[in-house]
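User: Hi! I'm new to reading protein models and would love some help with this one. Could we go through it together?
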Amino acid sequence: MRIQPDIKVFAIVSISLGFLHFTSGTGTHTGNNGVGPFQNIANRATYGPCTSTVGAGTCMRRADCLAADGETPPGDCGVKGTYCCTAFLGCGGTAHLKRVYIEREGPFVTNCNHNIIMINENICQLRLDFESFLLAPPTDIGGVPMCLVDTFQVKDFQLCGVNDGQHAYVDVTPGTQLNVELSFTLMDRALNPALPDPQWRILVTQIECAPGAVTVRTGRDLIEDLSAEDEYTREPRVLHNQPPAYILDQAILAPRGCLQYFSTPSGFIESFNFNHGMGTYPGNMHYAICFKRRPNDKRITFTSLFFQLGFTILSADNEGYDNICFTQIESPGRSEDYLFIPQAIRQSFPNVRASYFCAQSLANTSVIATQPGPFVIHFNSDSLYEPQRPEIGFRMSYQIS
């Protein structure tokens, strides 16, 4: 079942600092029998993530899933009485589910919006998993590659190009932010037939933080309230033997301020629109990439599979470290594209100690970082671009030990 656009407006929600009024892009709706968006339909009990025959979903009662315009194909839910609720949201649609796919389907449109409604007051992040993502690449306008032909936008984050397998986190203000809109703005292909046919399939997951001052109904409360519906639908009662959702979400909850977060001890990272070494990363990007650090972890090792960032001047003594990448005194016209890995040691002879890396300084080599505190690196791209110095990006493996 595909979630189609409908007419929705949510009631004015009173908060301690005033009033927040939400309306979707397609009309108005007062919620479910006058109940606000953080209650009733929004607080249906969920029982952990699952995988169905058509994609990722959330274990739920069948009636709850169908009422939220989801579908229940065969899946791997282990809690008796639950089904793997999987949903797909097309252009102009609205979703109230913990996990939902947004995807392009149907005829081409130049503007496509997907509206995600928070399921309760504890939602603090959205995780976007780009299973497939193809838009026109960044365009060099005025000397900087920017997403101008096609643009994906969520809050202040923009993206374009090829980004299959990437992910991103979006911060949400718990208790006051009612919805997040994910928008695509596309150039008309009838006027520009040489452009690639845009495609996207993005899994949007709402992540809960521990409850704050606002009291949220528990799954056990919900089961008691829905007992009459159980009798009506002839569905089996669900025994709430799972931890609260915010406990289950701890595995993917990113530290605040991280655009990307990797919770496994090893894996791969790459710049946006890397496109197998044939792309160009967008300009004016500034973001943190974070990694889960376990209690006994001492180091993180990065091994470069490809590395080519912008630069201005290289020398025999400095092939793309620190001051070459980020000058101590601001110097207009100098490139400041870099990957920042605090207190890293390059594993080659002689060993190089640096924190800022640009040009091809990490090509075909490894660096080890043993800094205290969280494992975090930063990527920065500026507003300068020179075609003779390709800004392709990076692809690296990482190992935490």
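User: Which side chain does R127 meet in a salt bridge?
Analyst: The partner of R127 is D129, at 2.9 Å from N to O. A salt bridge here is a side-chain nitrogen of Lys or Arg within 4 Å of a carboxyl oxygen of Asp or Glu. Before we go on: this is a predicted model, where local features need pLDDT of at least 70 and side-chain atom pairs count only at pLDDT 80 or more, while totals for chains, interfaces and linings use all residues. Residues are numbered from 1 along each chain as its sequence is written, and side-chain values use heavy atoms, leaving out hydrogens and water.

User: Thanks! Are R127 and D129 buried or exposed?
Analyst: Both are buried. Buried means under 20% relative accessible area, exposed means over 50%, and partly exposed is in between (1.4 Å probe, protein chains only).

User: How many salt bridges are there by this rule?
Analyst: The count comes to twelve. One of them joins E270 and R395, with their closest N and O atoms 2.9 Å apart.

User: What does the pair E270 and R395 tie together?
Analyst: E270 sits in strand β20 (residues 266–270) and R395 in strand β27 (residues 393–400), so the salt bridge links parts that are 125 residues apart in sequence. Strands are DSSP runs of E with at least two residues, and helices are runs of H or I with at least four, numbered from the N terminus.

User: And why does E270 count as buried?
Analyst: Because its relative accessibility is 17%. R395 has a relative accessible area of 27%, so R395 is partly exposed.

User: New topic: how many residues of strand β23 are buried?
Analyst: Seven of the nine residues in β23 (residues 338–346) are buried, which leaves this strand mostly covered.

User: Which strand does β23 pair with over five bridges?
Analyst: That is β24 (residues 352–357), and the pairing is antiparallel. Two strands pair if DSSP finds at least two bridges between them. Within this pairing, I345 has R353 in β24 as its bridge partner.

User: What about β25 and β26?
Analyst: Strand β25 (residues 366–369) runs antiparallel to β23, joined by three bridges, and A344 is partnered there with A369. Strand β26 (residues 375–380) is also antiparallel to β23, again with three bridges; here Y338 is matched with N380.

User: Last one: in what order do β4, β5 and β6 form their sheet?
Analyst: The order is β4-β5-β6, in an open, antiparallel sheet of three strands. At the edges are β4 (49–51) and β6 (83–85), each pairing on one side only.
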